[in-house]
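Welcome to this tour. Open your viewer, keep the selection tool at hand, and follow along stop by stop.

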Amino acid sequence: MSTGLFLSLEGIDGAGKSSHIDALEALFRAQGRAVTRTREPGGTPLGETLRTLVLNEPMDTLSESLLVFAARREHVLQVILPALKRGDVVLCDRFTDATFAYQGAGRGFELGVLAMLERWVQADPAHADGLLQPGLTLWFDLPPEIAAERLAGARLPDKFEAQPVEFFRRVAQGYADRAAGASRFARIDADCSREQVWQQIESTLQARGLA
Ligand code: TYD
């Protein structure tokens, strides 16, 4: 078992997860830990190229799923597993839960196929059940209507951000389904001030002996 900590951040677009990554990095660095910050889709040169395609080009949902998992495979092998082996904290802005939420629940793609791809892409004998998963997933939960208000006018929307609120209702439900019964998930109520969100993150880390 690796000694590092794999922490992912998830939520619908506009939920505000990215605005806490700096503070998370600072918190772990203050503990004297090395931090690898990364994101999905992306995290490697090939992964970032695939990200540009996935976020901008219209495509069939199986193609989209294969591209995010291809990016993930490179990311897992080149970045995440080596960092965990070194003992780093890996802070990952989105991981496979996003595929289940966006391609699965949002686009209606077969969850069984995604689960099979997950098995192949995240196979790792050093992890429980032979499957690499985050040790902790901070799930920023926000009603889709409020997320849409926050996003409105913020910047030019990408392919996903341009989706109607009904799409994000399905994505939000996808996260809720994925979180149900999975102890690695910590639900953060993102419908409050930035300071209150950070307090919830801190208490989650404390409760899990990470801060
Ligand atoms: P996001 O992480 O929100 O980055 P930024 O804040 O820079 O826009 O954007 C990534 C988008 O990709 C987001 O809309 C969700 C989508 N996505 C998928 O559809 N499937 C996936 O597997 C992943 C990782 C992301």
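Begin with the residue just after helix α7: select G181, which follows α7 and has a positive phi, near 80°. Before going further, please keep in mind that this is a predicted model.

**Stop 1: helix α7**

Now select residues 165-179, which make up α7. How far apart are the end C-alpha atoms of α7? They are 21 Å apart, and this agrees with the 21 Å that 15 residues should span at 1.5 Å a residue.

Next, colour F167, F168, V171, A172, G174, Y175, R178 and A179, the buried residues of α7. They cover an arc of only 155° around the axis, so they sit on the same side of α7. To see what covers these buried residues, show the strands β1 (5-11), β4 (136-141) and β5 (185-189), which are among the covering elements. The helices α4 (96-106), α5 (111-121) and α6 (144-151) are also included in that cover.

**Stop 2: the nonpolar cores**

In soluble globular proteins, nonpolar side chains tend to be buried together. Here, the largest nonpolar core has 40 residues, and F28 and Y102 are those with the most contacts inside it. Helix α7 supplies the largest share of this core, six residues.

Zoom in on F28. Leaving out residues up to four places away in sequence, F28 touches L5, L7, R33, V35, V89, L91, L205 and L210. Then select F6, L81, V90 and F95: they are included in a second, separate core of ten residues.

**Stop 3: the largest pocket**

Rolling a probe the size of a water molecule over the atoms shows where empty space is left. In this model, the largest pocket holds about 650 Å³ of space. Which residues lie nearest the centre of the largest pocket? Select D13, K17, R51, R94 and E161 to find them, among 31 lining residues. Two or more lining residues come from each of α2 (45-56), α3 (61-86), α4 and α6. The most come from α4, which gives four.

**Stop 4: a buried histidine and a partly exposed leucine**

Move to the loop between β1 and α1 (21-30), where H20 is placed. Is H20 buried or exposed? Its relative accessibility is 5%, so H20 counts as buried. Apart from neighbours within four places in sequence, H20 is in contact with F140, R194, V197, W198 and I201.

For a contrast, select L46 in helix α2. L46 is partly exposed, with a relative accessible area of 45%. You can also draw a distance from L46 to V171: these two are 125 residues apart along the chain, and their C-alpha atoms are separated by 26 Å.

**Stop 5: backbone details**

Most residues other than glycine have a negative phi, and most peptide bonds are trans. Three places are worth a look with that in mind.

- Select E40 and P41: the peptide bond from E40 to P41 is cis, with omega near -10°. P41 is in the loop between β2 (35-39) and α2.
- Return to R94, which is not a glycine yet has a positive phi of about 80°. R94 lies in the loop between β3 (89-93) and α4, and at 11% relative accessibility R94 counts as buried.
- Finish at D129, also not a glycine, with a positive phi of about 70°. D129 is in the loop between α5 and β4, and D129 is exposed, with a relative accessible area of 62%.

Key
Residues numbered from 1 in each chain as written. Heavy atoms only, no water. Core = buried A, V, L, I, M, F, W, Y, C linked by side-chain atoms within 4.5 Å. Buried < 20%, exposed > 50% of the residue type's maximum accessible area, 1.4 Å probe, protein only. Contact = heavy atoms within 4.5 Å. Expected span 1.5 Å × (residues − 1). Arc of directions from axis to C-beta. 1 Å grid on protein atoms, 1.4 Å probe; cavity = no way out; pocket = protein on both sides within 12 Å on 5 of 7 lines; lining within 4 Å. Points joined across faces, edges and corners; volume = space filled by probe spheres on them.
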